[in-house]
Amino acid sequence: MTELEREVLNNDIKEDTQKGKYLTFFIEKVVYAIEIKFVTEIIGIQPITEIPEVPSYVKGIINLRGKIIPVMDVRIRFKKEPIEYNDRTCIIVVEVNDISLGLIVDNVSEVLEIADENIVIPPDMNKGMENKYIKEIGKVDNCVNLILSCEKLINDNEVEALSQIV
Amino acid sequence: MNGEYTNDSMLEMFIYETTELISQLENIALDSEESNALETQINEVFRIVHTIKGSAAMMDYNNISSLAHSLEDAFYYIRENHPQNVDYSSLTDVVLRSIDYIKNVVAMIQSGTSQPDAQTDSEAKEIVKEIKDFLSLLKGVPVVEEPKNEANNVESTNSGIDEDAQKEASGENEFMALLCFEDGCEMENIRAFNVLNNLENVVDVISTSPPKVPGNENTISEIKQNGFEIRFKTDLSFEDMKNHLSSTLFLKELYLEPVNAENEIQQANENQEEKAKENNSQTNTEKPEARTDSVAKAQTASPVAPVNVKQSMISVNLEKLDKLMDLVGELVISQEMVVQNSELEGLILNDFNKASRQLRKVTNEIQDAVMSIRMVPISGTFNKMHRIVRDMSKKLEKEVKLEIIGENTEVDKNVIEHLTDPLMHIIRNSMDHGIENVDDRLKAGKPSFGNVTLEAKDEGGDVCIIIRDDGKGLDRDKILNKAKEQGLVKENETLTDTDIYSLIFLPGFSTKKQVTEFSGRGVGMDVVNNNMEKIGGKALVDSTPGVGTSITLKIPLTLAIIEGMKVKVGKSIFVIPITSIKESFRVDESSIVLDDCNNSEMIMLRGECLPILRLHEFYNVKSETTKLKEGIIIVVENESKIKCLFADKVIGEQQVVVKALPKYIKNVKGICGCTVMGDGSVCLISDVSGLFKN
């Protein structure tokens, strides 16, 4: 077997073990989930260096073992009232399209397995702001998990529009 | 032998060597075209072509080696016969074509298409034929020069009269050569085999010690210890052989001495005389004597002192250098972590301070040393442009002279990599759009040939590269109209000239209606902009209609470590590069000048009125210190403009390792990067030039 084939197979296995698994976290008592494949690690809240002229939900940058990554407060991102950070506050480090980003969430709950048949597309409401970040809805034991689209969370036009003005 | 001996490091070495050599050859070829002479550099050319041939043959790239071989033939003829009728321009054409071919193949090898396919095969043959044609064209006329040659270069006459005779007449002189390779050059057996391979065409090898080098790993240590001994017969002179052998790569020492010279001479003379009579009706009585002479000369010179071919340069993988750089960065951070440790605060530590100063001095030196390793003169990149200018002026039928100033300016290796493409595109643009046709130029009262100047200079912490042409300049209105057409500019927007000229850097922007081979798709200038962004540089355009355009690339000298002053603003700490700080002081209430209509504050300093910029306002940071006399004023200078920055307090000086802001955050006005402090926290680095833009 060539090196390449092996690698492809390894990736397949990795994908397989990660498929259908979601990390859930709380923001204001609502459960959100993101696909586990995006998650690099979970760290506690750290001193954040603020950066001028960025949207308010980008809290600043942190030093993650020598690597500088931006952190985003998901609360503010979802237009909710900011709260003081406490010892339950977590930063979920995600990597999407080669961009590392920390997501500040109220607290992290668990890793869930959600079968494909329990995942549905969110109803089209065209109202709530947060709707645009929600990709799918997962049902687990009568609970509803809002599965977030990491891509949309990160690649948003607002930041770009802002940098255009600057 | 390909499968047997090729391994990655050898291949890498081959690619590296060949690329280097080819660019050298390219420069020489272009030089020779310009000065219409090759005399001084012919030996250099020989060495290069020969090495390429040798290493290509070793790696079993027969196309390259046969191509190099025929090039060698051509240069051999020129060197030995000094023909007066060489058309250096067409010689350069041929050489450049070969260079392109080799480049191509090397690129293919590099990308993994290891064996050149049939197409390059035929291409190689074509070029070989071209070289042969060129050579026969040269040889067609040189009858006139033959007598002159005989008079002043007796040795070469032999080869000049009849090459076949020369080949047949091998074996006049028997030599013993002992080659010692440099320590640690590795693969001694293959190198030895390569030597043999190179000799194949010119000598008859009698014996070697150790025998049977290829494929025999055991011979490596033997060669390492005792060197590689070859006994061979040749008709070349002692000097020729010495030159030939000393071009071997990684050669440490070379001993060469004739064997049984006395007996051989006699024989050689006889042979030579017979051959001469047989092959050439034009008897040349001078020849045998000359031969004797040369051998005798060799004899008196022997045994020769070892020829020391010492190599003082090594090539290092860039990755290793990057790693070293990172480590030095970490070292600086750790040093600050120790020296500025908060646990030391308030203690009186005379010895500790002394020692830490010493440490700082040493780390400073390490840093400088690492930095200087990575610094390379920009000349290599600049010289590549000669080729582009030459090719384009031929194709566009414009006469263009390229002038290069300050090519010894040194820039970080990483930066240089991003310079070649932008320079190429800018020069193409200048030549295609900027420089006018010869007729138009003469009409405009300019000299018929256009001038393109490439200039590099140090300017503080930046390097400026200026590309200037004396063409027709940018057409302001045309650019503006086009931009409006494409919706890049709104109808009623007012723009300064600089703004308008900068539009040419936008992707897809081109005022050209027709797409030519060189320009028109609007890609080139976008490449410039992209590359500049990557290395934190800027591209500025200036143009005067009818007089010319100049594009200035401002790039940071290095991307790594700067001396900075930490200042506190509110809760945040900003680092201001020391190089731009002039002074700092506490302000006196009486020297503050308020301009109420503009709502701006100024300060009188030694009779000068300077504007104040409140950092907490600029960066939008909450700060308790808002009264000017409570904080501190830091006077900074950028491009001969001065501003007074107002901060809460100055914390101190520190070396910081510049890290880029995460891509996600994009550009922030007034911030050029961030750095990790000794305690692991992150600080922002002020971009002083950004503070001046409003």
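**Entry 1: a five-stranded sheet in chain B**

I began with strand β10 (residues 462-469) of chain B, which is joined to strand β12 (residues 548-556) of chain B by eight bridges, the two running antiparallel. This is a predicted model, in which local features need pLDDT of at least 70, side-chain atom pairs count only at pLDDT 80 or more, and totals for chains, interfaces and linings use all residues. Residues are numbered from 1 along each chain as its sequence is written, and chains are lettered from A and ligands numbered from 1 in the order in which they are written.

I took strands (E, at least two residues) and helices (H or I, at least four) as DSSP runs, numbered from the N terminus. I called two strands paired if DSSP finds at least two bridges between them. I then looked up one facing pair: B:Ile467 stands opposite B:Ile551 in β12(B).

The sheet is open, has five strands and mixed pairing, and follows the order β7-β9-β10-β12-β11 in chain B. Its edge strands are β7 (400-405) and β11 (538-544) of chain B, each pairing on one side only. Neighbouring strands are turned by 15 degrees against each other on average, direction ignored.

Next I checked what lies across this sheet. Helix α17 (residues 379-396) of chain B lies across β7 and β9 (450-459) of chain B, at about 170 degrees to β7(B). Axes are lines fitted to C-alpha atoms, for helices over the stretch in contact, and angles run from 0 to 180 degrees between N-to-C directions. Contact means C-beta atoms, placed from the backbone, within 7 Å.

**Entry 2: a helix pair in chain B**

I looked at helix α4 (residues 62-81) and helix α5 (residues 88-110) of chain B. They pack at about 165 degrees, with axes 10 Å apart. α4(B) and α5(B) are therefore roughly antiparallel (angles over 145 degrees count as such, under 35 as roughly parallel, 65 to 115 as roughly perpendicular, the rest as oblique).

From α4(B), B:Asn63, B:Ile64, B:Leu67 and B:Leu71 meet B:Val95, B:Ser98, B:Tyr101, B:Ile102 and B:Val105 of α5(B). By class I find seven nonpolar, two polar and no charged residues in this contact. Ala, Val, Leu, Ile, Met, Phe, Trp, Tyr, Cys and Pro count as nonpolar, Asp, Glu, Lys and Arg as charged, and the others, Gly among them, as polar.

**Entry 3: more strands of chain B**

Strand β15 (residues 581-585) pairs with strand β19 (residues 632-638) of chain B in the antiparallel sense, over four bridges. B:Glu583 stands opposite B:Val635 in β19(B). Seven bridges join β19(B) to strand β20 (residues 641-647) of chain B, also antiparallel. There, B:Glu637 has B:Ile642 in β20(B) as its bridge partner.

**Entry 4: chain A and its side of the contact**

I moved to chain A. An open sheet of five strands, with mixed pairing, has the order β3-β6-β7-β5-β4. β3 and β4 of chain A stand at the edges with a single partner strand each, so one side of each has no neighbour in the sheet. The twist averages 30 degrees from one strand to the next. Six bridges pair β4(A) and β5(A) in the antiparallel sense; A:Val58 has A:Met72 in β5(A) as its bridge partner.

Then I turned to the contact between the chains, which takes 20 residues from chain A and 20 residues from chain B. β4(A) gives the most to the side of chain A that touches chain B, with four residues. That side divides into 14 nonpolar, four polar and two charged residues.

Definitions and conventions
Two residues are in contact if their C-beta atoms, placed from the backbone, lie within 7 Å.
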